[in-house]
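The following paragraphs lead the reader through one structure, one region at a time. Please keep the sequence and the model in view while reading.

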Amino acid sequence: MATPHIKAQRGDFADTVLMPGDPLRAKYIAETFLEDARLVNSVRNMFGYTGHYQGRPISVMGHGMGIPSVSIYAKELITDFDVRNVIRVGSCGAVRDDVAVRDVVIGMGACTDSGVNRSRFAGMDFAAIADFALTRHAVDAAEARGVPVKVGNLFSADLFYDPRPETAELLKRYGIVGVEMEAAGMYGVAAEFGARAMTICTVSDHILKGDSLSSDDRERTFADMMHIALETVLRDDQAKRGDQA
Ligand SMILES: O=P(O)(O)O[C@H]1O[C@H](CO)[C@@H](O)[C@H]1O
Ligand SMILES: O=c1cc[nH]c(=O)[nH]1
């Protein structure tokens with residue numbers, strides 16, 4: 001079967017898909033963190049893989065850059081491939097003094113200058129929030145791993161190159177934990193189609209201070225984020241089993 005942007009069989013994707021922006025990062029994640037990973041989508045080179053983590057089926061697929069792109073992939077995964085959980089594993093910029101490169105942040109909510117959530121929510125302001133249980137499990141997984149995380153509002157920007165010089169200071173004043181380009185759209189799609197979403201980001205640069213990660217640092221901190229995301233999925237399963245017992 002195929003949707004306009006995914007050519008795969010129903011059942012090819014696990015119920016949970018980890019989603020970085022970069023499809024080559026999806027390939028790297030599949031090859032590095034999953035066992036028995038197989039390619040399940042390559043339409044437009046938006047690579048998607050399904051494998052196992054500690055015996056649990058998990059998929060990973062790129063979502064491209066920006067809200068329009070993530071909205072297409074998240075929607076098709078949920079409505080046509082029975083995906084229930086989409087977890088973005090991305091990079092972001094920092095604006096706050098107490099958030100630095102290498103830090104891991106979790107998007108409990110996501111502000112945006114995009115109009116997509118107003119389009120889907122009859123012109124009203126939709127509070128784009130992550131699934132609470134996934135967020136809680138991610139925080140617990142980070143704590144168990146000894147990785148400090150900041151949890152708060154992301155800002156999902158339509159423009160990577162924002163021409164408004166005052167934007168970063170405004171975001172800092174409002175306590176934004178990270179600037180990226182997709183979470184608000186992904187949360188809106190999850191709400192519209194009854195799925196669960198959450199975002200974890202590694203801070204790759206500080207927008208106001210000008211710091212950025214070396215490639216070595218990027219590799220190490222990225223691994224922390226991936227382990228937190230994978231452990232989140234296992235913890236979520238455990239909690240569900242506990243609820244049923
Ligand atoms: O590293 P990823 O996941 O792509 O995330 C960030 O990087 C891209 C911009 O360079 C945007 O997609 C932004 O959200
Ligand atoms: O979207 C992004 C990602 C990293 N850094 C930024 O400033 N913006």
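A good place to begin is A94, which is found in strand β5; strands here are DSSP runs of E with at least two residues, helices are DSSP runs of H or I with at least four, and both are numbered from the N terminus. The model is a predicted one, in which local features need pLDDT of at least 70 and side-chain atom pairs count only at pLDDT 80 or more, while totals for chains, interfaces and linings use all residues. Residues are numbered from 1 along each chain as its sequence is written, and chains are lettered from A and ligands numbered from 1 in the order in which they are written.

A94 counts as buried because it has 28 C-beta neighbours inside 10 Å. The term depends on C-beta atoms placed from the backbone: a residue with 20 or more others within 10 Å of its own is buried, one with 12 or fewer is exposed, and one in between is partly exposed. Leaving aside residues up to four places away in sequence, A94 touches V99, A100, G178, V203, H206 and I207, where contact requires C-beta atoms, placed from the backbone, to lie within 7 Å. A94 and S204 are 110 residues apart in sequence, yet their C-alpha atoms are 8.0 Å apart in space.

Strand β5 also leads to ligand 2. Around this ligand are S91, C92, G93, F160, V179, E180, M181, S204, D205 and I207; a residue is near a molecule if its C-beta atom, placed from the backbone, lies within 6 Å of it. Which strand gives the most to the shell around ligand 2? It is β5, with 3 residues. At least two residues of the shell come from each of β5 (85-94), β8 (178-180) and β9 (196-206). By class, the shell around ligand 2 has 5 nonpolar, 3 polar and 2 charged residues. In this division Ala, Val, Leu, Ile, Met, Phe, Trp, Tyr, Cys and Pro count as nonpolar, Asp, Glu, Lys and Arg as charged, and the others, Gly among them, as polar.

The residues around ligand 1 are P20, G21, D22, M65, G90, S91, F160, E180, M181 and E182. Their classes are 4 nonpolar, 3 polar and 3 charged.

Attention now turns to a pair of helices. Helix α2 (residues 67-80) and helix α6 (residues 183-193) pack at an angle of about 30 degrees, and their axes are 8 Å apart. Each axis is a line fitted to C-alpha atoms, for helices over the stretch in contact, and angles run from 0 to 180 degrees between N-to-C directions. The angle therefore makes α2 roughly parallel to α6, since angles under 35 degrees count as roughly parallel, over 145 as roughly antiparallel, 65 to 115 as roughly perpendicular and the rest as oblique. From α2, the contact uses I67, V70, S71, A74, K75, I78 and T79, and from α6 it uses A184, G185, M186, V189, A190 and F193. The contact of α2 with α6 comprises 9 nonpolar, 3 polar and 1 charged residues.

Helix α6 is mostly covered, with 8 of its 11 residues buried. These are A183, A184, G185, M186, Y187, G188, V189 and A190. Just after α6, G194 takes a positive phi of about 70 degrees. G194 is found in the loop between α6 and β9 and is exposed, because 9 other C-beta atoms lie within 10 Å.

Other loops complete the tour. D82 lies in the loop between α2 and β5, and its phi is near 60 degrees, a positive value in a residue other than glycine. D82 counts as partly exposed because it has 13 C-beta neighbours inside 10 Å. In the loop between β5 and β6 (104-112) lies R102, which has a positive phi of about 85 degrees although it is not a glycine. R102 counts as partly exposed because it has 16 C-beta neighbours inside 10 Å. Is G55, in the loop between β3 (48-53) and β4 (56-61), buried or exposed? G55 counts as exposed, because it has 7 C-beta neighbours inside 10 Å.

Terms used
Contact = placed C-beta atoms within 7 Å.
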